[in-house]
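Please look first at the sequence and the structure shown below, and then read the notes on selected backbone and helix features.

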Amino acid sequence: METKENKSLTLKAETLRRRLIELIYHGGTGHTGGDLSVLNLLTVLYNHTMNVDPKNPKMADRDRFILSKGHCAEALYTVLADKGFIAEDELKEYGKFHAHLGGHPDNSIPGVEVNTGALGHGLSIGVGMALGAKLDKASWHTYVVMGDGEQAEGSIYEAAMAANKYHLDNLVAFIDRNGLQISGSTEKVMPIEPIMERWGGFGWDVYVADGDEISSLVETIDRINYSNGKPHLVISKTTKGLGVDFMENVAKWHHGVPNEEQYRQALRDIDERIEAVRMERPI
């Protein structure tokens with residue numbers, strides 16, 4: 001459903017998409033394709049779902065967020081800067097020598113809970129956080145975003161079993177299901193389907209969302225029952241390189257920096273989308 005809030009979130013996501021491309025271009029580095037595919041989800045989590053406060057980033061009852069696919073740090077930095085966790089001046093230093101913001105998130109950055117980048121570890125950490133909250137009878141939730149290529153890591157399934165054993169209904173995991181990883185199609189590199197049946201078999205409460213559409217993400221996340229005794233998984237079906245025509249569904253943009261001509265074209269693509277949202281035209 002296209003509500004006023006969903007339109008506002010869509011406009012914010014597109015505005016952040018533009019800022020993300022600027023960050024990668026001027027920084028000279030970035031995992032552009034996955035950044036673009038996961039940006040809608042991060043926009044919804046930080047602006048609709050999670051209880052976080054940039055003025056008090058360590059408040060006791062904050063929701064915890066883990067970007068397990070830590071190579072998509074640029075998308076996270078863009079969202080954190082928009083929320084006020086990171087100063088704009090610091091964002092401008094990205095990619096420069098001695099910059100605070102690195103190629104993967106670390107917990108010296110306000111709003112970042114744990115260092116990530118070694119794929120397959122984020123869910124295990126999230127299970128520990130969620131279990132700790134259960135033991136403390138705390139009300140906060142833990143959210144973990146994984147990549148679909150990351151699903152080849154065996155530690156994820158150990159974490160999945162543990163989450164089921166301890167009935168961690170305060171834990172929500174996401175798979176950014178864009179279908180591509182650095183070396184090609186996930187189904188050719190290491191098949192992960194059927195995802196729903198696999199995770200359902202582990203005892204998880206499984207949902208599917210259209211991650212390219214803000215309204216689908218909002219509606220899916222809002223349906224989660226945090227008291228049903230099951231950990232939750234949202235399969236967010238996305239387009240790698242979303243919002244930039246020549247990057248969409250192209251594996252080489254897993255990691256890549258646009259040249260000046262491509263940069264200008266990317267901004268034109270995104271500006272057209274921003275104008276369409278503002279004028280309430282179909283995107």
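The report below takes up unusual backbone geometry, then a loop residue, and then a helix.

This is a predicted model, in which local features need pLDDT of at least 70 and side-chain atom pairs count only at pLDDT 80 or more, while totals for chains, interfaces and linings use all residues. Residues are numbered from 1 along each chain as its sequence is written, and side-chain values use heavy atoms, with hydrogens and water left out.

**Backbone geometry**

Most residues other than glycine have a negative phi, and most peptide bonds are trans. Against that background, a cis peptide bond, with omega about 5°, joins E193 and P194. P194 belongs to the loop between α7 (186–189) and α8 (195–201); helices here are DSSP runs of H or I with at least four residues, strands are runs of E with at least two, and both are numbered from the N terminus.

The table lists residues with a positive phi.

| Residue | Phi | Place |
|---|---|---|
| H98 | about 70° | loop between α4 (88–92) and α5 (122–135) |
| N249 | about 60° | loop between β7 (232–237) and α10 (260–278) |
| E280 | about 60° | just after α10 |

Neither H98 nor N249 is a glycine. H98 is exposed, with a relative accessible area of 70%, where exposed means over 50%, buried means under 20% and partly exposed lies in between, using a 1.4 Å probe and protein chains only.

**The loop residue T29**

T29 sits in the loop between α1 (4–27) and α2 (32–49), and its relative accessibility of 27% makes it partly exposed. Although T29 and E74 are 45 residues apart in sequence, their C-alpha atoms are 9.1 Å apart in space. Once neighbours within four places in sequence are set aside, T29 is in contact (heavy atoms within 4.5 Å) with I24, E74, Y94, H255 and V257.

**The helix α10**

With 19 residues, α10 reaches 27 Å from its first C-alpha to its last, close to the 27 Å expected at 1.5 Å a residue, the expected span being 1.5 Å times one less than the number of residues. At the N-terminal end of α10, N259 acts as a cap, with a side-chain oxygen 3.2 Å from the backbone nitrogen of E261.

Which residues of α10 are buried? They are Y263, A266, L267, D269, I270, R273, I274, A276 and V277, and the buried residues of α10 pack against α1.

Definitions and conventions
A polar contact is a pair of N or O atoms within 3.5 Å; within protein, one must be able to donate a hydrogen and the other to accept it, and residues adjacent in sequence count only if both atoms are side-chain atoms.
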